[in-house]
Amino acid sequence: MRITVAIITYNWPAALERVLEALARQTRLPDEVIVTDDGSRADTREVIERVAATFPVRLVHLWQPDDGARMSRARNRAIAAATGDYVILIDGDMVAEPHFVADHEAFAMKGCYVQGSRVLSDENLTRRMLADGSVRATFFTPGIERRRHTLRLPWLARRYAKPGRKTRGIKSCNWGFWRDDLIAINGFNEAMTGWGREDTELVHRAYHHGLYRREMRFSGLATHLYHRTRKNIVDNPNDRILDDTRRRKLVRCELGLDQHLAEFAVPPPDVRPGSAGNV
């Protein structure tokens with residue numbers, strides 16, 4: 001099973017560096033990491049190039065022009081470029097615990113996607129983690145919310161893993177999908193821009209396609225670095241797209257992943273020194 005981790009980022013290179021460092025320390029390394037960049041400045045590229053010098057696996061940087069928040073398009077490009085059978089989607093502010101990839105692999109099941117969780121760090125803890133990459137959130141660390149999500153208990157995690165179709169708690173910051181399933185539903189809906197609902201809309205199409213959800217609690221742990229919320233939920237036009245998907249029981253979106261597949265028929269290069277073109 002070949003695993004791609006796809007990280008979406010935008011103009012927070014310090015956080016991205018910690019995210020990449022955590023992935024480099026996994027007990028089960030991913031086979032490939034793709035940083036999909038929604039128009040960041042040059043300093044993000046500089047961080048990726050610095051990390052690439054010692055990164056242990058194939059590392060790809062995809063960049064698109066900054067034309068507003070186009071998270072759906074950025075994620076679709078990463079999925080299209082992925083060489084893995086299985087794609088783990090995380091945000092560029094999610095610092096993974098060392099067993100994160102191994103836990104996702106253990107939870108992967110045909111016909112299902114995996115919904116992970118996160119620990120929320122406050123501003124002070126985030127500042128410490130950015131300053132010192134050895135700082136980790138544990139059960140007793142001050143400055144965290146959802147403290148239970150620091151506990152890795154695989155025996156208990158299996159009790160929550162029964163496939164279902166829950167619609168609460170959908171968060172694309174910690175997801176695992178078979179790439180073929182994402183292609184079947186045409187990935188994220190790129191008609192949805194700005195904040196919110198693109199992950200919920202995708203899950204509803206996944207359910208219409210026949211997929212189930214596996215809840216990953218007490219495994220696949222990651223700490224979300226604090227930042228001010230970017231939510232804008234007043235008369236969000238994405239709500240209307242979501243409602244239409246539910247009403248019509250759509251499986252595929254019109255503006256989605258398929259428009260990027262030809263571009264990445266040949267996988268993009270590995271940015272590590274001396275590794276260009278390697279897959």
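This note covers the nonpolar cores, the cavity and one pocket of a predicted model.

1. Residues are numbered from 1 along each chain as its sequence is written, and side-chain values use heavy atoms, with hydrogens and water left out. Because the model is predicted, local features need pLDDT of at least 70 and side-chain atom pairs count only at pLDDT 80 or more, while totals for chains, interfaces and linings use all residues.

2. The largest nonpolar core (buried Ala, Val, Leu, Ile, Met, Phe, Trp, Tyr and Cys residues joined through side-chain atoms within 4.5 Å; buried means under 20% relative accessible area with a 1.4 Å probe, protein chains only) has 44 residues, and I7, L20, L23, V33 and I90 have the most contacts inside it. Helix α1, residues 13-24 (a DSSP run of H or I, at least four residues, numbered from the N terminus), gives the most to this core, with six residues. A second, separate core of 25 residues includes V60, L62, A78 and A206.

3. Beyond its neighbours within four places in sequence, V33 is in contact (heavy atoms within 4.5 Å) with V5, I7, L20, L23, F55, V57, R58, L59 and V60.

4. The structure holds one cavity of 30 Å³ or more (a set of points on a 1 Å grid over the protein atoms alone where a 1.4 Å probe fits but cannot get out, with lining residues having an atom within 4 Å of a point). R18, A22, M129 and L130 are among the residues that line the largest cavity, and α1 and α5 (123-131) are the elements that give two or more residues to its lining.

Terms used:
Buried < 20%, exposed > 50% of the residue type's maximum accessible area, 1.4 Å probe, protein only. 1 Å grid on protein atoms, 1.4 Å probe; cavity = no way out; pocket = protein on both sides within 12 Å on 5 of 7 lines; lining within 4 Å. Points joined across faces, edges and corners; volume = space filled by probe spheres on them.
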